[in-house]
Amino acid sequence: MTTTSLAVDVVGLRKSFGRQRALDGLDLRVETGQIAGFLGPNGSGKSTTIRILLGLLRAEATTVRVLGGDPWNDAVALHRRIAYVPGDVNLWPNLTGGQAIDILSRLRGGVNTTRRDELLQRFDLDPSKKARAYSKGNRQKVALVAALASDAELLILDEPTSGLDPIMEAAFSACIREARTEGRSVLLSSHIFAEVENLCDTVTIIRLGKTVESGTLAELRHLRRTTISVILDDTTADLSPVPGVNDLAMDGQRATFTVADPDLGLVLAELAHFKPRALVSTPPSLEELFLRHYGTELAANGVSVP
Amino acid sequence: MVRFILRRNWLRLLIWAVVLVGMIPLVYESQRAAFPTEADREAYASIANTPSVAALTGTPYAADTLGGILVLKIWMTLAVTLAFATSFLVTRNGRADEEDGRTELLRSNVLGRHAYTVANYLVVGGFDILVGAAITAVAAAMPLPFDGSLVLGASLAGLGLFFLGVSAACGQLTSTSRGANGLAAVVIGTAFVVRAIGDLDGTGTTPGWISGLSPIGWAQQMRAFGENRWWPLAPLVGGAITLCAIAVRIEARRDLGAGVLPDRPGPSAAGRFMMTPFGLALRLQRASIAGWFAAVVVMALLYGSVASAMANLLGSNPVFAAVFGPNGSSATKGVIALLVMLNAIVASAFVVESALQVRVEEASGRAEPQLAGSISRIQWAGGRLLLPIIGSALMLVVGGVVMGSAYGASQNDAAQVWALLCASVIYWPGVLVTAGVTVFMIGVVPRLAPSLSWAFFAAVVIISVFGELFSLPTLITGNTPLTATPRLPVGQFTMPPILVLTAVAAVLWAIGLVRFARRDLAQDA
Ligand SMILES: Nc1ncnc2c1ncn2[C@@H]1O[C@H](COP(=O)(O)OP(=O)(O)OP(=O)(O)O)[C@@H](O)[C@H]1O
Ligand SMILES: [Mg+2]
């Protein structure tokens with residue numbers, strides 16, 4: 001097995017279910033020791049990709065490398081080094097959460113009881129309850145504890161915080177950061193932008209089974225527009241002729257507009273002539289980036305995009 | 001609500017109805033061909049009253065008419081099938097939905113908390129009545145006497161309704177659909193066995209009083225094409241209404257998702273054994289396995305003693321001797337051999353259910369995190385499938401020994417233990433072929449595996465037990481996993497069929513497992 005700096009390396013991944021094409025040229029990389037966010041609307045293929053990375057589904061004619069191996073053929077060896085939290089956690093209704101954690105940990109390689117007990121406490125989970133009696137959030141915790149109690153090099157997490165309350169989300173974030181400190185890699189699919197912005201080093205956004213954007217958060221922001229809001233002394237000033245100013249809105253003394261990042265210097269120089277009194281610049285949030293990509297879908301649903 | 005349930009189940013209902021009603025013309029035609037003249041039928045009537053007929057299909061009456069023969073040949077099959085169909089349907093829309101959380105969604109939109117349950121009972125009850133009506137219409141069109149046809153349809157519909165009540169109550173008592181179906185099956189099985197004992201105990205065409213304890217016995221007492229009685233319909237329908245009312249009362253008192261017994265906290269860590277696939281399978285299926293073994297032991301005890309009662313009866317029965325030959329002891333052997341095969345049928349049902357748990361784990365999404373562990377698919381599935389392999393072997397051994405002991409005790413013949421043990425154990429390869437069909441289906445057509453496996457099982461049972469009654473070609477009746485096995489102690493033991501069955505099982509298992517390892521995991525959405 002070769003060692004590379006990539007924990008996950010997927011190029012041009014394709015997968016069909018019968019006639020339906022689920023993945024259509026998807027690229028995804030996770031650097032070793034980093035946390036990678038994985039975003040996309042419902043049904044865009046996140047879970048399908050993750051199942052391929054785990055050798056649960058078979059990829060169509062592409063190279064998929066996970067920890068330097070082929071997830072389909074080397075599954076047994078690779079899985080010792082991977083921990084997984086599925087999108088829908090299904091447990092045996094008649095077994096307790098503690099039993100489920102042990103069974104899943106054991107299948108991976110072994111049970112680290114000290115670590116398990118510590119995590120049970122951090123997530124405030126009662127392991128002696130039958131799974132049938134758990135709430136959705138508690139079922140999620142069972143899967144999280146089983147995965148985090150392992151010493152896996154790569155954590156693959158499919159919407160791991162769905163159903164968790166804010167306190168547990170914070171506990172989860174802390175655990176993931178610790179994992180990074182220990183040098184582990186994380187692939188995290190999510191619908192929660194704040195979580196991804198908080199935790200992730202890199203982000204991949206997909207749509208209809210294709211990667212539409214990927215890079216570090218900083219890079220992504222850089223490619224996008226910054227929103228600037230200025231207060232001008234001169235209420236008659238007209239900024240619209242200034243090159244580089246877009247989406248201008250005037251409200252008394254306040255002017256709000258967006259600027260593409262390369263034009264920023266030019267626009268600020270022009271702006272000086274208008275004697276601004278105060279200026280606020282907001283980098284684009286991930287949410288805005290995301291929504292811009294799905295503009296067409298949202299428009300079809302009657303939602304207008306800023 | 002009723003419309004909603006119909007939309008979700010119409011295909012299932014239609015298939016059951018077609019299968020049930022379709023048997024009437026099939027059997028009618030075959031019997032008309034077999035007994036074309038009045039004289040043929042009278043000859044048949046004089047020999048029809050044998051213990052094995054009584055035990056399997058009930059005490060014959062009016063066997064000199066085509067209607068009577070039709071009832072004799074098909075009524076019990078229809079009755080038991082309809083009882084099972086009814087209980088599966090009730091559970092599917094009742095406990096299974098509740099278990100999966102679908103009821104929660106519905107109840108939050110729907111006015112009354114009983115609306116869905118009652119609609120479920122109405123749909124399935126309507127199904128029973130329609131099947132009865134269709135059977136009446138088809139039988140009358142054959143043409144058979146109309147009043148007899150009417151009683152025939154009514155007796156089956158009434159029995160279906162009664163078991164609607166039974167399964168409604170079962171669905172409220174247990175908290176899982178498997179438990180509900182299992183409990184209903186036990187009730188149906190008990191009703192069948194109780195009636196078999198009563199019918200064996202009968203004199204002439206009147207069954208013994210014990211049959212009066214079984215709802216199947218009540219429905220039989222309507223005697224379609226014979227006396228055409230109506231009064232037994234009253235306890236059947238009355239029982240159905242009472243049981244449904246009790247079920248609704250229980251539902252009103254319990255929480256959604258709960259059974260009557262509450263959940264207790266369990267151990268917070270798993271034992272070592274439970275962490276292996278085989279151990280986990282054993283832990284998950286232990287309740288059901290205990291049920292299967294209990295059924296085998298009870299049946300074997302019963303059969304063992306029934307056989308001895310029959311043996312006594314036979315010595316003085318010239319009619320019986322005419323069928324099975326002059327030697328009374330060979331006739332007993334014939335009955336014993338049939339009972340041993342019934343035990344193998346139970347073992348076959350167990351392996352199908354147990355092997356299908358692999359698919360259940362996969363479909364429910366529970367297999368996914370397990371297979372994301374460091375274990376190959378073959379190892380995982382193999383570990384779980386060890387359970388049906390070992391379990392069925394034990395079941396055949398236990399069934400054989402218990403039946404042999406019960407029978408041997410009545411005959412003062414200890415050698416029967418060993419004889420019936422051997423007779424029972426040689427069914428193992430055949431049982432593994434049936435299991436192999438399930439494994440094959442899981443590997444090749446995962447989503448259809450449950451229905452196809454059970455269909456195969458049902459075909460094997462019907463052909464093995466009733467095949468000769470339907471006068472099917474021996475190419476079919478002789479080559480099911482069970483009938484291909486030498487039928488001891490009547491037949492001679494030969495090795496080739498055992499070897500062939502073993503080879504067929506090995507091939508099915510190998511293909512199934514390899515396909516399972518090579519295909520995409522198929523989770524139900
Ligand atoms: N087993 C399957 N058979 C057929 N189609 C499937 C199967 N699994 C997934 N799909 C389809 O593939 C597409 C991608 O699904 P996937 O579950 O990967 O989406 P997702 O990005 O995880 O969505 P979500 O955010 O809702 O979890 C969907 O259109 C889905 O309907
Ligand atoms: Mg998903």
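Reader: What makes the pair formed by ligand 1 and the side chain of A:Asn42 a polar contact?

Author: A polar contact is a pair of N or O atoms within 3.5 Å (within protein, one must be able to donate a hydrogen and the other to accept it, and residues adjacent in sequence count only if both atoms are side-chain atoms). An oxygen atom of ligand 1 is 3.0 Å from an N or O atom in the A:Asn42 side chain, so the pair qualifies. This is a predicted model, where local features need pLDDT of at least 70 and side-chain atom pairs count only at pLDDT 80 or more, while totals for chains, interfaces and linings use all residues. Residues are numbered from 1 along each chain as its sequence is written, chains are lettered from A and ligands numbered from 1 in the order in which they are written, and side-chain values use heavy atoms, leaving out hydrogens and water.

Reader: Which residues come nearest to ligand 1?

Author: A:Gly43, A:Lys46, A:Ser47, A:Thr48 and A:His191, out of 13 around the ligand; to count as near, a residue needs a heavy atom within 4 Å. A polar backbone atom of A:Gly43 is 2.8 Å from a ligand oxygen, and for the side chain of A:Ser47 the value is 2.7 Å.

Reader: Over to the helix. How do you know that A:Asp165 caps H6(A)?

Author: One of its side-chain oxygens lies 3.0 Å from the backbone nitrogen of A:Ile167, at the N-terminal end of H6(A). After the helix comes A:Gly183, with a positive phi near 90°.

Reader: Why is 22 Å the span expected of H6(A)?

Author: The expected span is 1.5 Å times one less than the number of residues. H6(A) has 16 residues and reaches 23 Å from first C-alpha to last, close to that value.

Reader: Which residues of H6(A) are called buried?

Author: Among them are A:Met168, A:Phe172 and A:Ile176; buried means under 20% relative accessible area, exposed over 50%, partly exposed in between (1.4 Å probe, protein chains only). The buried set packs against E3, H4, H5, E6, E7 and H7 of chain A, with contact meaning heavy atoms within 4.5 Å.

Reader: And the sheet: what makes E5 and E9 of chain A edge strands?

Author: Each has a single partner strand, so one side of each is left without a neighbour. The order is E5-E6-E7-E3-E8-E9, with mixed pairing. Strands (E, at least two residues) and helices (H or I, at least four) are DSSP runs, numbered from the N terminus.

Reader: How do you know that E5(A) and E6 pair?

Author: Pairing takes at least two DSSP bridges; these parallel strands have four. E8 and E9(A) run antiparallel, joined by six bridges.
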